[in-house]
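Visitor: I should like to go through this structure by question and answer. Please show the sequence and the model before we begin.

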Amino acid sequence: MAARTQQQYQVRFAWGVAGAARIAQDAHLLVWVDVLPTSEHHDQALRQVVAALPDGPEVVLGHLGNASAVAGRVTRLQADRGDRCVVAIVAAGTDHAAHSDAADAAGEPWDAPGSPDFAVEDLLAAGAVADALDAEGIDHTSPETAAACAAYTGLRRAVKHLVSASEAARALEPAVVHAAVTRGGELVTLRA
């Protein structure tokens, strides 16, 4: 059986730290897409995630508001390199550990221990990043990336509503969700 890989593509997409380990080989930039905070200690959890990500690529935070800034960073990296820049877009998803008490109390087993649950907000933001890269002419994307991009472009007009109505958003205060979906366009570097 052949190994799962997206290595032949310039822009790749996966879920969680395990997915990052699979697609970030030889990447120049890893975009960790995490739209909604999972706890009041989100910044600390984000630092722990970055420490668990594969060594090598620069790591930036992707969200709904900064897709253009991420695409701009990729074009600058390409100009600096004088060659293509490989991008690994990784959706954080919902971490089981953050919600293990609720899952255990409900008697719900995890389908894949160690892998994140689907999070619509992270899928759509990953698609927004892929769409911004495509607008810059960076379009040698894996099928996984193309599917995330299509989800975003097909639902573009409903993105804020979908995120606000999502399972993860309903567990948060409305002000926290509003701040997340209206976050500015700044590029946040998590690891240089």
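Visitor: In which helix is Ala20 found?
Guide: The model discussed here is predicted. In it, the helix that covers residues 16-23 contains Ala20. That element is H1.

Visitor: Is Ala20 buried or exposed?
Guide: A residue is classed as buried when its relative accessible area is under 20%. Ala20 has a relative accessibility of 0%, so the class follows directly. Ala20 is buried.

Visitor: Which residues does Ala20 touch, leaving aside those up to four places away in sequence?
Guide: One candidate is Leu30, ten residues from Ala20 along the chain, with 8.0 Å between the two C-alpha atoms. Leu30 does belong to the contact list of Ala20. The full list is Leu30, Leu53, Pro54 and Val90.

Visitor: Where does Asp26 lie, and what is notable about its phi?
Guide: Asp26 belongs to the loop that runs between H1 and S2. Its relative accessible area is 40%, so Asp26 counts as partly exposed. Although Asp26 is not a glycine, its phi is positive, at about 65°.

Visitor: Which residues line the largest cavity, and what is its volume?
Guide: The structure holds one cavity of 30 Å³ or more. Its lining divides into one nonpolar, four polar and three charged residues. The lining residues are Thr5, Gln6, Gln7, Arg12, Arg22, Ile23, Gln25 and Asp26. The volume of this largest cavity is about 40 Å³.

Visitor: Which element gives the most residues to the largest nonpolar core?
Guide: This core has 38 residues, and those with the most contacts inside it are Leu29, Val31, Ile89, Leu133 and Val163. At least two residues each come from strands S1 (11-15), S2 (29-33) and S4 (87-91), and from helices H3 (67-81), H5 (120-135), H6 (143-155), H7 and H9. The top contributor, with nine residues, is H5.

Visitor: How many residues are in the other core, which lies apart from this one?
Guide: Among the members of that separate core are Ala20, Ile23, Leu61 and Val86. Its residue count is 15.

Visitor: Which residues does Ile89 touch, not counting those up to four places away in sequence?
Guide: Ile89 is among the residues with the most contacts inside the largest core. Its partners are Val11, Arg12, Phe13, Ala14, Ile23, Val31, Val33, Ala126, Val129, Ala130, Leu133 and Thr145.

Visitor: Why do the buried residues of H2 lie on the same side of the helix, and what covers them?
Guide: In H2, which spans residues 42-52, the buried residues are His42, Leu46 and Val50. Around the axis they cover an arc of only 80°, so they are on the same side of H2. The face turned away from them carries the exposed residues Arg47, Gln48 and Ala51. The cover over the buried residues includes S2, strand S3 (58-62) and strand S5 (188-191).

Visitor: Against which helices do the buried residues of H9 pack?
Guide: H9 runs over residues 174-181, and Val177, Ala180 and Val181 are buried in it. Seen down the axis, the buried residues fall within an arc of 90°, so they line one face of H9. Ala175 and His178 are exposed on the face turned away from that buried side. The buried residues pack against helix H7 (159-164) and helix H8 (167-170).

Methods: Residues numbered from 1 in each chain as written. Predicted model: local features only at pLDDT ≥ 70, side-chain atom pairs only at ≥ 80, totals over all residues. Heavy atoms only, no water. Buried < 20%, exposed > 50% of the residue type's maximum accessible area, 1.4 Å probe, protein only. Helix = DSSP H or I, 4+ residues; strand = E, 2+ residues; numbered from the N terminus. Arc of directions from axis to C-beta. Contact = heavy atoms within 4.5 Å. 1 Å grid on protein atoms, 1.4 Å probe; cavity = no way out; pocket = protein on both sides within 12 Å on 5 of 7 lines; lining within 4 Å. Points joined across faces, edges and corners; volume = space filled by probe spheres on them. Nonpolar A, V, L, I, M, F, W, Y, C, P; charged D, E, K, R; others polar. Core = buried A, V, L, I, M, F, W, Y, C linked by side-chain atoms within 4.5 Å.
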